[in-house]
Amino acid sequence: MRISVVDVGSNTVRLVVADAEGGVPLPVHTAKWRLRLSQHVAHGGRIPDESVQQLCEAVAAAGRTAERWGAAEPLAFATAVVRSAPNRPEVLQAVRAETGIGLCTLPGEVEAELTFLAARRWMGWRSGPLALLDIGGGSLEVAFGRGRLPDFAASLPLGAARLTHEFFQGEDLPSARSVKALRRKVRHELRDVAARIRWEGPRTAVATSRTFQQLGRLCGAAPGRHGPFMERRLHRTELRRSLERLAALPAAERARLPGISAPRATQSLAGAVIGHTTMKLTGLKVVTICPWALREGVLLRHIEDGPSWWEDIVQFGEEMSWCGAATGDAVPLRIATPAR
């Protein structure tokens, strides 16, 4: 069986085509289309018509690519940048009308659950009680659990692109005052969730997402060319030193540092502040960088629980337009969860 997933993020549209024999999603082809929606859309702002058209073209290209590689219609979802847009229903309808692909948005807590599942499957049961951290463009996902799915999951408005726009807008070299204000924001939003993680006392902590991967590389982790099975860890003390290094450089010079890509250089400082503050508040001195994240979690859940799981999500999304009245907040997902 060959399946595929399309992930519409704040910077790119990514496609993964995978074989699912033996219950493991083994990638056979990946592709990405760079949209940089976060550069054109303030958080919570309307997605402009030009960006919607570019999104439709990218999703259509992803669908054609998946078909060429022998996969059925992709499991397509969008993260915070679309989820929080006031014209979200219109965006989703436009994508379906122009591509035939049913793009939906997932509540942040469901993103955390699926990412946790991917981390659990990658790390294995010997990792014991597991804490998860994931920094996206628009949100920070935190989860903890002892089983297949988390006992606790939260999504907070602490994405690297979002906070860069909120605190560093117009500052190529952010002031110490701006960095301090950002850190204060993270502490305030994270206080209760961090207390829960400290209380649970995880045996293992895992970090996923491109932001953490780049921070890990900056702090000395092996480069990607060494393959996914190379163990990579990020120590809080090293991240603190790297944070100070990032804060002293404009974005163009950050892009020359190990691991920091040019498209993410602008938001790398905010990502480092979020990552370090989160690790400090949760009491985590070291995290393991996990190569599996949300996309793999969607594939795994589809493999393990069958197509009806995704069909329920799409149907629920169509009925509710994933809207919380006029606020644009995600409606809590009410879909039965299989036994863990």
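## Confidence in the model

Averaged over the protein, pLDDT is 90, and 91% of the residues score at least 70. Please keep in mind that this is a predicted model. One stretch calls for care: across residues 321-340 the pLDDT stays under 50, and the model has 50 contacts beyond four places in sequence for these residues. Where pLDDT is low, the predicted coordinates should not be read in detail.

## The six-stranded sheet

Let's begin with the sheet that holds strand 7. It is an open sheet of 6 strands in the order 8-7-6-9-11-10, and its pairing is mixed. Strand 8 and strand 10 (233-235) are the edge strands, each pairing on one side only. From one strand to the next, the twist averages 25 degrees.

Helix 5 packs on this sheet, where it touches strand 6, strand 7, strand 8, strand 9 (204-208) and strand 11 (286-289). The direction of helix 5 makes about 55 degrees with that of strand 7.

## Strand 7 and its two neighbours

How many residues of strand 7 are buried? Strand 7 (residues 140-145) is mostly covered, with 6 of its 6 residues buried. In a regular strand the side chains alternate between the two faces of the sheet. Here, Leu140, Val142 and Phe144 point one way, while Glu141, Ala143 and Gly145 point the other way, and all are buried. Note that Glu141 is among the buried residues of this strand.

On one side, strand 7 pairs with strand 6 (residues 130-135) in the antiparallel sense over 6 bridges. Leu132 stands opposite Ala143 of strand 7, and a hairpin of 4 residues joins strand 6 to strand 7. Strand 7 also pairs with strand 8 (residues 152-156), again in the antiparallel sense, over 5 bridges. In strand 8, Ala154 is the bridge partner of Val142 and Leu156 is the bridge partner of Leu140. Strand 7 and strand 8 form a hairpin too, with 6 residues between them.

## The five-stranded sheet

There is also an open sheet of 5 strands, in the order 3-2-1-4-5 and with mixed pairing. Strand 3 (26-34) and strand 5 (104-105) each have a single partner strand, so one side of each is left without a neighbour in the sheet. Further in, strand 1 (residues 2-8) and strand 2 (residues 12-19) pair in the antiparallel sense over 7 bridges. Arg2 has Asp19 in strand 2 as its bridge partner.

Two helices lie across strands of this sheet. Helix 2 (residues 49-68) crosses strand 1, strand 2 and strand 3, and runs at about 15 degrees to strand 2. Helix 12 lies across strand 1, strand 2 and strand 4 (75-78), running at about 140 degrees to strand 1.

## Where helix 5 meets helix 12

Helix 5 touches strands of the six-stranded sheet, and helix 12 lies across strands of the five-stranded one. How do these two helices pack against each other? Two packed helices are described by the angle between their axes and the distance between the axes. For helix 5 (residues 108-123) and helix 12 (residues 294-305), the angle is about 80 degrees and the axes are 7 Å apart. Angles of 65 to 115 degrees count as roughly perpendicular, so helix 5 and helix 12 are roughly perpendicular to each other.

From helix 5, the residues in this contact are Glu111, Leu114, Thr115, Leu117, Ala118 and Arg121. They meet Leu294, Glu296, Gly297, Val298, Leu300, Arg301 and Glu304 of helix 12. By class, the contact has 6 nonpolar, 2 polar and 5 charged residues.

## Ser209, helix 8 and Gly220

Most residues other than glycine have a negative phi, and most peptide bonds are trans. Ser209 has a positive phi, near 100 degrees. This residue sits in the loop between strand 9 and helix 8. Is Ser209 buried or exposed? Ser209 is buried, because its relative accessible area of 11% falls under the 20% cut-off.

In helix 8 (residues 210-218), the buried residues include Thr211, Phe212, Gln214, Leu215, Gly216 and Leu218. Gly220 follows helix 8 and has a positive phi as well, near 110 degrees.

## Pro86 in its loop

Pro86 lies in the loop between helix 3 (80-83) and helix 4 (88-99). With a relative accessible area of 52%, Pro86 is exposed, since the cut-off for that class is over 50%. Pro86 and Leu284 are 198 residues apart in sequence, and their C-alpha atoms are 36 Å apart in space.

Note on methods. Residues numbered from 1 in each chain as written. Heavy atoms only, no water. Axes fitted to C-alpha atoms, helices over the stretch in contact; angles between N-to-C directions. Parallel < 35°, antiparallel > 145°, perpendicular 65-115°, else oblique. Contact = heavy atoms within 4.5 Å. Nonpolar A, V, L, I, M, F, W, Y, C, P; charged D, E, K, R; others polar. pLDDT = per-residue confidence, 0-100. Buried < 20%, exposed > 50% of the residue type's maximum accessible area, 1.4 Å probe, protein only. Pairing = 2+ DSSP bridges.
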